[in-house]
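Welcome to this tour! Open your viewer, get ready to select residues by number, and follow along one stop at a time.

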Amino acid sequence: MTAFAALGLSPGLLRAAAELGWTEPTPIQAAAIPPALAGRDVLATAATGSGKTGAYAFAALQRIDDIARPTPRRPRVLLLVPTRELAAQVGEAVRQVERFLNVPAKLVVLVGGLSINPQLMALRGGADVIVATPGRLLDVADKNALDLSGLHTLVLDEADRLLDGGFADELARVLALLSARRQNLLFSATFPPAVEALAQRLLHDPVRVDVGQEAAAVATIVERAIVVDAARRTPLLARLIAQEGWPRVLVFVATRYACDHVADKLRRAGLAAAAFHGDASQGARTQVLADFKAGRLRALVATDLGGRGIDIAQLPVVVNHDLPRSTVDYVHRIGRTARAGAAGLAVSFISAATEGHFRLIEKRVGRRVPREQVPGFEPTETAAPAAAAGGVKGRRPSKKDKLRAGI
Ligand code: AMP
């Protein structure tokens with residue numbers, strides 16, 4: 001008996017795991033699949049790279065395989081995700097698994113940034129599994145194209161992200177559309193108060209699964225912190241990419257303006273770099289990602305919004321050119337590297353002004369990252385008093401900052 005079989009998976013899904021080349025369940029899969037298969041609600045701490053998608057996809061799909069699916073089909077599983085990129089990846093993962101069911105499941109992906117009509121067309125004749133971002137799901141529901149009253153399982157993936165940035169209202173409206181009697185699986189990398197509150201409201205006697213974050217964030221990601229003057233970060237980045245031979249780097253900055261600016265400076269330093277904008281057209285984003293994956297681009301510069309959900313196998317290095325505002329964002333950023341056991345490197349640039357903020361992040365994640373200096377880039381700045389007190393860019397954290405930071 002394989003380790004997957006011990007989890008209670010059906011022969012079809014065991015074949016799916018074998019086909020995917022998965023020989024051992026990841027810790028999150030081992031802990032979450034059995035209770036989810038038993039119909040329990042699950043509250044899981046799981047970062048990107050932990051194998052969480054497999055955990056919920058296997059369990060939710062196996063459960064609908066056992067029940068009759070009349071025509072037209074009614075959605076039985078709803079997978080809610082915060083971004084269209086993540087929706088595409090989750091959709092792909094479901095496709096890889098659903099064909100191994102006794103009755104293959106029909107999947108429809110509903111995401112913004114693309115014309116709604118093909119998505120409405122795809123829903124004709126019903127669907128078994130919906131992968132969606134909340135905004136587009138609501139648009140589709142407003143057109144009476146979706147009946148979610150027969151739902152068996154709701155999955156919230158990256159729940160902290162789903163509640164971030166003003167999406168809480170959309171999420172609440174989606175939840176109001178669902179059948180009351182259903183299973184809920186909630187996955188989140190971090191648990192700020194808003195996620196805890198959501199879990200309280202939504203989950204019924206959940207099984208808590210708490211292995212993902214440590215497994216993904218500590219075991220396989222090497223974190224480095226390099227102290228450098230703010231003005232010299234981009235030249236340092238260009239130097240490190242060349243000197244350390246980083247084949248592919250995802251660079252995080254604070255603003256869209258900085259995206260263009262840093263990408264531009266890297267290009268002038270002779271590196272193939274591009275900005276990755278949250279608000280660029282879907283076509284442009286897809287092209288940039290394809291170039292990055294194919295190795296035609298060496299550095300991608302993104303904001304947290306743009307970089308959300310970027311899931312690239314073998315993304316070896318993530319750089320925090322600007323520090324993230326919150327610990328949630330820090331965990332998500334570094335989770336872009338080190339997928340499922342592969343080693344990854346997360347480098348943060350720290351200046352005198354951001355040292356206090358980084359210390360706060362270290363405190364929240366419960367780790368201390370040794371400070372380094374790079375010869376030729378030794379810092380000359382000293383801390384401003386406000387920054388030393390833990391503020392962001394010289395100001396005290398607002399109530400919203402604190403909320404986002406999970407303080
Ligand atoms: P996730 O955390 O769901 O985004 O998964 C991260 C990556 O791990 C994906 O590329 C999966 O294909 C891979 N993966 C998931 N489960 C396993 C497993 N049991 N063995 C090997 N790779 C896995």
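Start by selecting Thr53 together with the ligand: an N or O atom in the Thr53 side chain is 2.5 Å from an oxygen atom of the ligand. Keep in mind as you look around that this is a predicted model.

Next, add Gln29, where a polar side-chain atom lies 2.8 Å from a nitrogen atom of the ligand. Then pick Trp22, which places a polar side-chain atom 3.5 Å from a ligand nitrogen. How much of the ligand does the protein bury? Taken alone, the ligand exposes 490 Å², and 75% of that is buried by the protein.

Now show the whole shell. There are 14 residues around the ligand, and the closest are Glu24, Gln29, Gly49, Gly51 and Thr53. Try coloring the shell by residue type: you should find four nonpolar, seven polar and three charged residues.

Ready for the strands? Switch to a cartoon view and look for an open sheet of seven strands with parallel pairing, in the order β3-β4-β2-β5-β6-β1-β7. Its edge strands are β3, at 107-110, and β7, at 207-209, and each of them pairs on one side only. From one strand to the next, the twist averages 10°.

Zoom in on β3 and on β4 (residues 129-132): these two run parallel and are joined by four bridges. Which residue in β4 is the bridge partner of Leu110? Select Ala132 to see the partner. Helix α5, residues 116-123, packs on this sheet and touches β3 and β4, with a direction at about 155° to that of β3. Then highlight residues 193-202: this is helix α9, which lies across β1 (42-45), β5 (153-156), β6 (183-188) and β7 and runs at about 170° to β6.

Move on to another sheet. Here, seven strands form an open sheet with parallel pairing, ordered β10-β11-β9-β12-β13-β8-β14. The edges are β10 (273-276) and β14 (371-372); each has a single partner strand, so one side of each has no neighbour in the sheet.

Select 249-252 and 299-302 to see β9 and β11, parallel strands joined by four bridges. Within this pair, Val251 stands opposite Val301 in β11. Finally, bring up two helices that pack on the sheet. Helix α12 (residues 256-268) touches β10 and β11, and its direction makes about 175° with that of β10. Helix α15 (residues 327-334) touches β8, β9, β12 and β13, and its direction makes about 150° with that of β12.

How values were computed. Residues numbered from 1 in each chain as written. Predicted model: local features only at pLDDT ≥ 70, side-chain atom pairs only at ≥ 80, totals over all residues. Heavy atoms only, no water. Pairing = 2+ DSSP bridges. Contact = heavy atoms within 4.5 Å. Axes fitted to C-alpha atoms, helices over the stretch in contact; angles between N-to-C directions. Near = heavy atom within 4 Å. Polar contact = N/O pair within 3.5 Å; in protein donor to acceptor, adjacent residues only side chain to side chain. Areas by Shrake-Rupley, 256 points an atom, 1.4 Å probe, with all protein chains shown as cover. Nonpolar A, V, L, I, M, F, W, Y, C, P; charged D, E, K, R; others polar.
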